[in-house]
Amino acid sequence: MEIVRSHVHRNISTNDAVNTLPLYRSAPPLEVRLEDFELYAMDRLRVLKGISDGLSRGKKPEEMEQLVVNLLKAHMRHQQASEVVNKDMISHFVLRLVYCRTEDLRKWFLSMETSLFRYRFRRENAEAQRAIMAEFDLPYKAVSHVEFESVKDKLEQVARSIGQPLPDKDTIFYKVPFEEVPELVAGRKVFINQGYAYVGMNQVVSLVATLFRSQLSKALTLTNRKWTSTIREQEKDRLTPIVEALCSSYLGPDYSQPREYAQISLKDIDQVAKSSFPLCMRHLFEKLREDHHLKHGGRMQLGLFLKGVGLNLDDALAFWRHEFSHKVGLERFEKEYAYSIRHNYGKEGKRTDYSPYSCQKIISSTPGVGDHHGCPYRHFSEENLRAAINRMGVNGRTLEDVMDKVRNRHYQLACTLTFEAIHGKQCDAGINHPNQYFSDSQKILKPKPQDPSATS
């Protein structure tokens, strides 16, 4: 399906726009502003990451369907209703460029876009679904009334076994080679006869999603060839930096300045580290106390985190000075290390106010020998990770659930499960930033006193 300029001026309601379901066969011939290029992509990325989190948490199909509706409403709207379709198209093709570059990126994008397509297709009415099937040029014809009557008993048996309404004479079935609906066959959700699966109209999503996935997979391979052969070099000063940064973009709040519940002093720091630091920061803090030294990567990761949780510059200098002086002496600390601390607080050099590292940035780091920064859920051995989580008070079934998420490379979900086990409360948004972990922990452990006037 090709979106042309006339669609920009077509009057469509916001709801219609959200439900319009393109197949993304060719990029829209539209001029895109550089800021929209990035913003649209980040909005779509929020949708895809929300789907990824929902699936990883084992949400039921009906819960996922509602989640997708909410995500689209939250992130894929536009001030001008007529621009929603364009935003949908543009954001998909930008992310296609972002996620075509490695096998792992392609795999994730393919899976999440197919899931998004599946849930959106389900919400279309029967007429729209048939129109989408026609766009795929499917060669399958609806089963005739005579054939339906001959296999009706078998179709009813399948319907009963999966808790579906019994088919009647108005129910549409398609006869499809069974290998084209592997998901339905594996789940024993279709009647198979002589190599053909009888697919009900309410099950057609499986067939269409398989075709969508296949089409997108081929397109990603072609995009990757174009990216490596021409686009990356041609756009090295303009688009390439944006494209290469987007897949690890942090999409949450800014923690460069202390937020509510984020104000700590030196006298509280040890107790707060034990109760409210995420494992990545707790590990760095303990190693600093133990060795009185951290390499550059560790100093940056922990130092910016401490800034974000409210440790002011004077206290930060006192904290690092006290630790490092054990190892390198006061004079060397002032000469070699104090400047970088003031620099992080925007008091030296370009006076940039640096932000604490997000989970994405920490996960994508590559610690070397002797380094202690990075994400423990990704970078620790299984034995060391088990021991570290155990020391935080997480064990038994919950510990196994955390390790299961780690094995499936859902590192932020593993951290979220750890948070929930320690605090005894759900964290529906998931953990996306160490400073969010700290802030949410403090909200639970130190709730704000209620305003007496509010209850009088």
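1. Salt bridge of R238 and E235. In this predicted model, the side chains of R238 and E235 meet in a salt bridge, with N and O 3.1 Å apart. The two partners differ in how they are covered. R238 has a relative accessible area of 47%, so it is partly exposed. E235 has a relative accessibility of 18% and counts as buried, because buried means under 20%.

2. Salt bridge within helix α7. E156 pairs with R160, and their closest N and O atoms are 3.9 Å apart. A salt bridge needs these atoms within 4 Å, so the pair is counted. Both residues belong to helix α7 and stand 4 residues apart, which is about one turn of the helix. E156 is buried at 14% relative accessibility, whereas R160 is exposed at 54%.

3. Other salt bridges. R342 and E348 also join their side chains in a salt bridge, at 2.8 Å from N to O. R342 counts as partly exposed, with a relative accessibility of 25%. A network of salt bridges links R44, D88, E113 and R120. The count of salt bridges comes to 26.

4. E147, also in α7. Helix α7 contains E147 as well. Which residues does E147 touch, not counting residues up to four places away in sequence? They are K175 and Y198. E147 has a relative accessible area of 23%, so it is partly exposed; the cut-off for buried is under 20%.

5. Helix α13: length. This helix covers residues 296-308, which is 13 residues. At 1.5 Å a residue it should span 18 Å, and its end C-alpha atoms are indeed 18 Å apart, so the expected and computed values agree. After α13 comes G310, which takes a positive phi of about 105°.

6. Helix α13: cover. How many of the 13 residues of α13 are buried? The number is 12, so the helix is largely enclosed by the rest of the structure. The buried residues include the glycines G297, G298, G303 and G308. R299 and K307 are on the list too, as are M300, Q301, L302, L304, F305 and L306. What covers them includes α11 (269-276), α12 (279-291) and α14 (313-328). The cover also includes α16 (338-344), α17 (359-363) and α22 (434-445).

7. Helix α2. The same check of length can be made on α2, residues 34-56. Its 23 residues should span 33 Å at 1.5 Å a residue, and the distance between its end C-alpha atoms is 33 Å, which agrees. α2 is followed by G58, a residue with a positive phi near 75°.

8. Positive phi outside glycine. Y24 has a phi near 55°, a positive value in a residue other than glycine. D137 is not a glycine either, and its phi is positive at about 55°. Y24 sits in the loop between α1 (14-19) and α2, while D137 is in the loop between α6 (126-135) and α7 (145-161). Are these residues buried or exposed? Y24 is buried, with a relative accessible area of 2%. D137 is exposed, with a relative accessible area of 62%.

9. T418 in helix α21. Helix α21 runs over residues 411-423 and holds T418. At 1% relative accessibility, T418 counts as buried. Leaving aside its neighbours within four places in sequence, T418 is in contact with Y377, M392, V394 and V402.

10. The chain as a whole. The secondary structure comes to 23 helices and 3 strands. Of the 456 residues in the chain, 47% are buried. The C-alpha atoms fill a box of roughly 90 × 60 × 55 Å along the principal axes. Among contacts between residues at least 6 apart in sequence, 69% join residues at least 24 apart.

11. Surface and charge. About 23600 Å² of the chain is exposed, and carbon and sulfur atoms supply 48% of that area. The chain carries 66 positive and 58 negative charges. How many Å separate the mean positions of the positive and negative charges? They are 2 Å apart.

Note on methods. Residues are numbered from 1 along each chain as its sequence is written. This is a predicted model: local features need pLDDT of at least 70, side-chain atom pairs count only at pLDDT 80 or more; totals for chains, interfaces and linings use all residues. Side-chain values use heavy atoms; hydrogens and water are left out. Helices (H or I, at least four residues) and strands (E, at least two) are DSSP runs, numbered from the N terminus. Buried means under 20% relative accessible area, exposed over 50%, partly exposed in between (1.4 Å probe, protein chains only). Contact means heavy atoms within 4.5 Å. Accessible areas come from the Shrake-Rupley method with a 1.4 Å probe; for residues, only the protein chains shown count as cover. Lys and Arg count as positive and Asp and Glu as negative; His and the chain ends are not counted. The place of a charge is taken as NZ of Lys, CZ of Arg, CG of Asp or CD of Glu. The expected span of a helix is 1.5 Å times one less than its number of residues.
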